[in-house]
Amino acid sequence: MKNKTRILTFAMKAALTVAMVMTSASAYAQRREKNVYSNHSISAQLIGLEYSYEQCLGGNWSLIGRAGLAPVGAEINYDLESSSYNVYLLPAVTLEPRIYTSMRRRIEMGRDTYNNAADFVAFRSQVFMTGDGVNLGFTPMYGIRRSSGIHWMHEFTFGARVNIGEYSGLTPHLQYRIGFTF
């Protein structure tokens, strides 16, 4: 129990440290793009790793396609004698249309919009491959994306996910992603 708590505490501290470094570095990377632009990236969450391609659809709209290992959910079991937790990580394919809602406002204020650094609203559709078949996940979400330097970006998203299949149900969605764009 103590080892699991220590590992979880270390992971949270490491993620917070990385987030603070990336946020402070973004203050020095003030580049402005007028519209959303297309890019390739490799990104990692606390659990998961994905390749993605973001295609500009015009104006502030884009469509992101992702493939990789994505977290499906977590389960925590606790009783008086023991506790355990499981995280489900499965191969997944994702399509995510986005509209960047603060791009123009950030440009007018002189803020960084490089690597599509802006707030956004998105609807993520995921297909998870399991041994028993295919599971679907649908997630309407709000997110914040910022860039750090020329190639690095980070995103924070939250919303609610509806899973259909083996892991059916409504679950909260909370994610922090660090990526390298090229």
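Is aspartate 119 buried or exposed, and what is its relative accessibility? At 11% relative accessibility, aspartate 119 counts as buried, where buried means under 20% relative accessible area, exposed means over 50%, and partly exposed covers what lies in between, with a 1.4 Å probe and protein chains only.

Before going further, note that this is a predicted model, in which local features need pLDDT of at least 70 and side-chain atom pairs count only at pLDDT 80 or more, while totals for chains, interfaces and linings use all residues. Residues are numbered from 1 along each chain as its sequence is written, and side-chain values use heavy atoms, with hydrogens and water left out.

**Stop 1: aspartate 119 and arginine 146**

Keep aspartate 119 selected and add arginine 146, with which aspartate 119 forms a salt bridge whose closest N and O atoms are 3.1 Å apart; a salt bridge here is a side-chain nitrogen of Lys or Arg within 4 Å of a carboxyl oxygen of Asp or Glu. The pair links distant parts of the chain, since aspartate 119 belongs to strand 5 and arginine 146 to strand 6 (residues 133-148), 27 residues apart. Strands (E, at least two residues) and helices (H or I, at least four) are DSSP runs, numbered from the N terminus.

**Stop 2: glutamate 155 and its partners**

Select glutamate 155 next, together with arginine 98, and the two side chains will be found meeting in a salt bridge at 3.0 Å, N to O. This pair also links distant parts of the chain, with arginine 98 in strand 4 (residues 83-100) and glutamate 155 in strand 7 (residues 152-164), 57 residues apart. Both arginine 98 and glutamate 155 are buried.

Now add arginine 145, whose side chain meets that of glutamate 155 in a salt bridge of 3.2 Å, N to O. Glutamate 155 lies in strand 7 and arginine 145 in strand 6, so this pair ties together parts that are 10 residues apart in sequence; arginine 145, like glutamate 155, is buried.

To see the wider setting, extend the selection to Glu50, Glu54, Arg66, Glu96, Arg98, Arg124, Arg145, Glu155 and Arg177, which are linked in a network of salt bridges. The structure as a whole holds 10 salt bridges.

**Stop 3: glutamate 96**

Within that network, centre the view on glutamate 96, which lies in strand 4 and, at 0% relative accessibility, counts as buried. Its side chain makes a polar contact of 2.7 Å with the side chain of arginine 98, and a further polar contact, of 2.9 Å, joins the side chains of glutamate 96 and arginine 124. A polar contact is a pair of N or O atoms within 3.5 Å, where, within protein, one must be able to donate a hydrogen and the other to accept it, and residues adjacent in sequence count only if both atoms are side-chain atoms.

**Stop 4: arginine 98 over a ring, and a nonpolar core**

Return to arginine 98 and show phenylalanine 120, over whose face arginine 98 lies at 3.7 Å from the ring centre; a charge sits over a ring if NZ of Lys or CZ of Arg is within 6 Å of the ring centre and within 35 degrees of the ring normal.

Phenylalanine 120 is also one of the seven residues of the largest nonpolar core, which comprises Val36, Tyr100, Met103, Ala118, Phe120, Ala122 and Met141. Such a core is a set of buried Ala, Val, Leu, Ile, Met, Phe, Trp, Tyr and Cys residues joined through side-chain atoms within 4.5 Å. Apart from this core lies another, of five residues, among them Val72, Leu90, Ala92 and Phe128.

**Stop 5: methionine 129**

From Leu90, move to methionine 129 in strand 5 (residues 119-130), which is partly exposed, with a relative accessible area of 37%. The C-alpha atoms of methionine 129 and leucine 90 are separated by 6.6 Å, although the two are 39 residues apart along the chain.

**Stop 6: serine 147**

Finally, select serine 147 in strand 6, which is buried, with a relative accessible area of 0%. A polar contact of 2.7 Å joins the side chains of serine 147 and aspartate 112, and the side chain of serine 147 also reaches the backbone oxygen of tyrosine 114 at 3.1 Å.
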